[in-house]
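Hi everyone, thanks for coming. I'd like to walk you through one part of a structure, so let's get it up on the screen.

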Amino acid sequence: MTAEHPEKLLSPVLSDSWDDDRPWTLDTYRRHDGYKGLHEALRMDPDAVIALVKDAGLRGRGGAGFPTGMKWQFIPQGDGKPHYLVVNADESEPGTCKDIPLLFANPHSLIEGMIIASYAIRCSHAFIYLRGETVPVLRRLHAAVAEAYAAGYLGKDVLGSGFDLDITVHAGAGAYICGEETALLDSLEGRRGQPRLRPPFPAIAGLYACPTVVNNVESIASVPSILHRGKEWFRSMGSEKSPGFTLYSLSGHVTNPGQYEAPLGITLRQLLEITGGVREGHRLKFWTPGGSSTPMFTEEHLDVALDYEGVGAAGSMLGTKALQIFDETTCVVRAVTRWTEFYAHESCGKCTPCREGTYWLVQLLRRIEAGKGVEGDLEKLNDIADNINGKSFCALGDGAASPIFSSLQYFREEYEQHLREGRCPFDPAASTVWADDARGRRGYVPTHQSAQEKGVLA
């Protein structure tokens, strides 16, 4: 990376073909070495494929960062049961937006990765669980799967190897809880999407009570390049414990939001240099390293290495690398309230801490945001979050508590300002995209100036 060419820090692999003409087609994918990794895999023993992915150090790109090869290794062999691969494409957390663009632009990277993974774990039927609202992506996936069948990459005797594989694309009904792997499996089986008690874990009793691997879209899509280019190439990027490349999603108050593929360990400061920085005339106030369910960071964390160890050591989680950027025009209380409303709405209701706790968090936050809070509300807010954190049936409760704890840690004075002044001290319009007036001046928009006056609405 140089001051003149900061973009050289980027490492396009999954996104390398995104600016091609019709990048989603099989022909375009083949021009970018598509399905060469599969040919390599089919010449290897399945256990050797697992060992290669494990040695490469690929970690799950969906949240916790668990080693992908190790997860595959947990599947018992010789048990006489069918084995299943399920790809979790139910992406729906606020700020998280990497898997859907990847599927829309480059679906064959996922399909090739699924064939390799299925071969490795001895699976003959794999599933893609997609969020049902993304109809254009659903259609594109169906078309890509049909192309793969026609080319002999799926079906009976894949490429003459004697290996059989079918892929089913399943559209979920649209529930955030189905991003939790066991709730996803229940939904896939036709039941209400709610987390299962573990153990047993999916590797032993998953889909249809059979050994199952559940992986994120990006995790599986990263596999073909490892088979084609080798583990040394993959480990040449990233850090020692978090090797490889990944997609970082930048959104919010940034000049050029979008998907940026870079080695793990890049910093937000470097990404902002590439993307034009925080919107002109403003400064960074707070940001999330992995979506709304991860503890927020502030300007002091600009140089934290964005890998699993670096972010964890700084007190948050890398999660899905959803970098939401907020400048000084944003009310922290308002932002946390909106996130908490999402978690309360998406709670499946199975456990009391999450079902009741998220409801009361919303009531308190709305009262504080409106300037009607009373003394003791902040302690009560913290207490309720503590009664949810680590005590809910799944990680949704932990995700709801995270922004409460971190916002109180870094911005308690802002909460107290709402209580003292009996109002929200921020103008909600100032943080919007139309916050520039007709003279091009940036900053707060007068509260009396409506969207209609600014020509935003008819």
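When I say strand here, I mean a DSSP run of E with at least two residues, numbered from the N terminus. Keep in mind that this is a predicted model.

With that, let's find Thr-288: it sits in strand β7, which covers residues 284-288. Where does β7 fit in the sheet? We have five strands in an open sheet, ordered β6-β5-β9-β7-β8, with mixed pairing. The edges belong to β6 (258-263) and β8 (297-298); each has a single partner strand, so one side of each has no neighbour in the sheet.

Now look at β7 and β8. They pair antiparallel, over two bridges, and Phe-286 has Thr-298 in β8 as its bridge partner. Across β7 and β9 (322-327) lies helix α15, residues 332-346, running at about 15° to β7.

Back to Thr-288. Buried or exposed? It's buried, because its relative accessibility is 0%. Setting aside residues up to four places away in sequence, Thr-288 touches Thr-294, Ala-322, Leu-323, Gln-324 and Trp-339. Its side chain also reaches the backbone oxygen of Ala-322, at 3.1 Å.

Last stop, Ser-118, in helix α6, residues 107-121. Ser-118 is buried too, with a relative accessible area of 0%. What does its side chain find? A polar atom of that side chain lies 2.7 Å from the backbone oxygen of Met-114. Beyond its neighbours within four places in sequence, Ser-118 has contacts including Leu-85, Cys-123 and Phe-163.

Notes: Residues are numbered from 1 along each chain as its sequence is written. This is a predicted model: local features need pLDDT of at least 70, side-chain atom pairs count only at pLDDT 80 or more; totals for chains, interfaces and linings use all residues. Side-chain values use heavy atoms; hydrogens and water are left out. Helices (H or I, at least four residues) and strands (E, at least two) are DSSP runs, numbered from the N terminus. Buried means under 20% relative accessible area, exposed over 50%, partly exposed in between (1.4 Å probe, protein chains only). Contact means heavy atoms within 4.5 Å. A polar contact is a pair of N or O atoms within 3.5 Å; within protein, one must be able to donate a hydrogen and the other to accept it, and residues adjacent in sequence count only if both atoms are side-chain atoms. Two strands pair if DSSP finds at least two bridges between them. Axes are lines fitted to C-alpha atoms, for helices over the stretch in contact, and angles run from 0 to 180 degrees between N-to-C directions.
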